[in-house]
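Please open the model in your viewer and keep the sequence panel beside it. The stops below say what to select next and what is found there.

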Amino acid sequence: MKIAVVGTGYVGLVSGACFSEMGIDVTCVDIDEAKINRLLRGEIPIYEPGLADLVGRNVEAGRLHFKTDLTEVLDDVEVVFSAVGTPPDEDGSADLRYVLDVARNFGRHINKYTILVTKSTVPVGTAEKVKSVIAEELTRRGVDVPFEVASNPEFLKEGAAIKDFMSPDRVVVGVESDRARKVMTKLYRPFLTNNFRVYFMDIPSAEMTKYAANAMLATRISFMNDIANLCDLVGADVDMVRKGIGTDARIGSKFLYAGCGYGGSCFPKDVKALAHTGREHGYVMGVIEAVEAVNERQKEIVVKKLKSALGELRGKTVALWGLAFKPETDDMREAPALVVINRLLEAGATVKVYDPVAMEECRRRIGDCVVYCKDMYDAVMDADALALITEWKQFRVPSWQVLKRVMRPQPSADGEERPVIVDGRNIFDRDEVLENGFTYLKIG
């Protein structure tokens, strides 16, 4: 079976590599010639554990190919996946120009029955727009070539994307015919031989499922952050509350961790797009609008806690551990670290940063307005405070002795001078940190 994947970003490259691992002949297509040349040289443009080995192995086996022109392979493939970007417009809506460009190119060049599958996250109703664009191009050509569109949203977690794709808990596919259903079944059966968890549904429902899933997870995060902020005011411990409600089978324990806000390529964009879709149809999604508002406010929480501990931030040095929006990725899209850095610089502080993989991405985004450090301990050297932003594993058990020796102690409420730690992800044991002689502020 031969397929093409248009777009070699996070979703497209992971999808193409994983399909090829199952023996499918895959051509990944991208109009960015520089990116394709990098891939042909074996260079992976994104950080994802295991992806470089997966790509290299399947390129060597002759199952994974890279090209800049879809038309070179269109006559040979049964399915074309569209995995191009859908960046948010200023009003929060998803920008569909690249999705529709793929549809236009598809319609201009198909000569036999082919399925165009949208893997990008797109608003409900996008499939109809895609279908219309393809039909227009076929009419312009004066030909009647059979085609179908389908929706197959991705549910990949950055940092665990390969495992998610190779052993998915479910695959959602929106189709309009038995013929398309049979093709998609053939494509996914190798991944789910023991338990075929492909959920076929109508296309609008598949499109909505992606947004609903991300919005639900984002809602749980913002809910717990709201609870954490109230815990701060009433003297409760949000970690105790989380355990107390997470053991309820109706609620469960996942995505109930308070912190300094969510970021990344999915949650912020998809929450905004879902709210925009509601407004387009004359419906205000009150819960979703609140989820976004709480998250934007939560990104300020670390700086507020730093101010409460340090007072005036001008002239202070603050170390940040973590820049990526989550561990196991270098992705800084909508990352809380960007807000923290901006607010600290505005307040006149010096900011020293360290992240295991996102240093170059940070430099690309904001330049040299912060001090880039060689390791986690270099970052805290002569720092007035440490703020943990991303819960990388290597930060979980630091040497408290080293931190205490190299950080500058600050006056505390009881008159003692102690180094200040603001834990933006609640990964440290409060009693342990206090016993080692620090001022410790967590979320909730």
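What share of the contacts in the protein chain with a separation of 6 or more comes from residues 24 or more positions apart? Residues 24 or more positions apart account for 72% of those contacts, where contact means heavy atoms within 4.5 Å. This is a predicted model, in which local features need pLDDT of at least 70 and side-chain atom pairs count only at pLDDT 80 or more, while totals for chains, interfaces and linings use all residues. Residues are numbered from 1 along each chain as its sequence is written, and side-chain values use heavy atoms, with hydrogens and water left out.

**The whole chain**

Begin with the protein chain in cartoon view, where there are 17 helices and 16 strands; these are DSSP runs numbered from the N terminus, with helices being H or I of at least four residues and strands being E of at least two. Taken along the principal axes, the C-alpha atoms fill a box of roughly 85 × 50 × 45 Å. The radius of gyration of the protein chain is 24 Å, which agrees with the value near 22 Å that a compact globule of 444 residues would have (it is taken over C-alpha atoms, and the globule rule is 2.2 Å times the number of residues to the power 0.38). Of the 444 residues, 53% count as buried, where buried means under 20% relative accessible area, exposed over 50% and partly exposed in between, with a 1.4 Å probe and protein chains only.

**Two helix pairs**

Next select helix 1 (residues 10–21) and helix 3 (residues 51–60), whose axes come within 9 Å and cross at roughly 50°. That makes helix 1 oblique to helix 3, since angles under 35 degrees count as roughly parallel, over 145 as roughly antiparallel, 65 to 115 as roughly perpendicular and the rest as oblique. To find the contact, display L13, V14, A17, C18, S20 and E21 of helix 1 together with L51, L54, V55, R57 and N58 of helix 3.

Then move to helix 8 (residues 203–234) and helix 10 (residues 267–280), whose axes also come within 9 Å but cross at roughly 115°. That makes helix 8 roughly perpendicular to helix 10. On the helix 8 side, the residues to show include M208, Y211 and I221, and they meet a set in helix 10 that includes F267, V271 and L274.

**Two buried residues**

Select S151 in strand 6 (residues 147–151), which is buried, with a relative accessible area of 4%. Not counting residues up to four places away in sequence, S151 touches V117, T118, V172, V173, G174, I203, A206 and E207.

Now go to Q298 in helix 11 (residues 286–298), which is buried at a relative accessible area of 1%. With the same sequence neighbours left out, Q298 touches N225, N229, G259, C260, G261 and I443. Measuring from C-alpha to C-alpha in the viewer should place Q298 and T126 32 Å apart, while they are 172 residues apart in sequence.

**Two loop residues with positive phi**

Finish in the loops, starting with E328 between strand 9 (317–321) and helix 13 (336–346). E328 has a positive phi of about 65° although it is not a glycine, and at 28% relative accessibility E328 counts as partly exposed. The last selection is N426, in the loop between strand 15 (420–423) and helix 17 (430–435); its phi is near 55°, a positive value in a residue other than glycine, and at 12% relative accessibility N426 counts as buried.

Conventions:
Axes fitted to C-alpha atoms, helices over the stretch in contact; angles between N-to-C directions.
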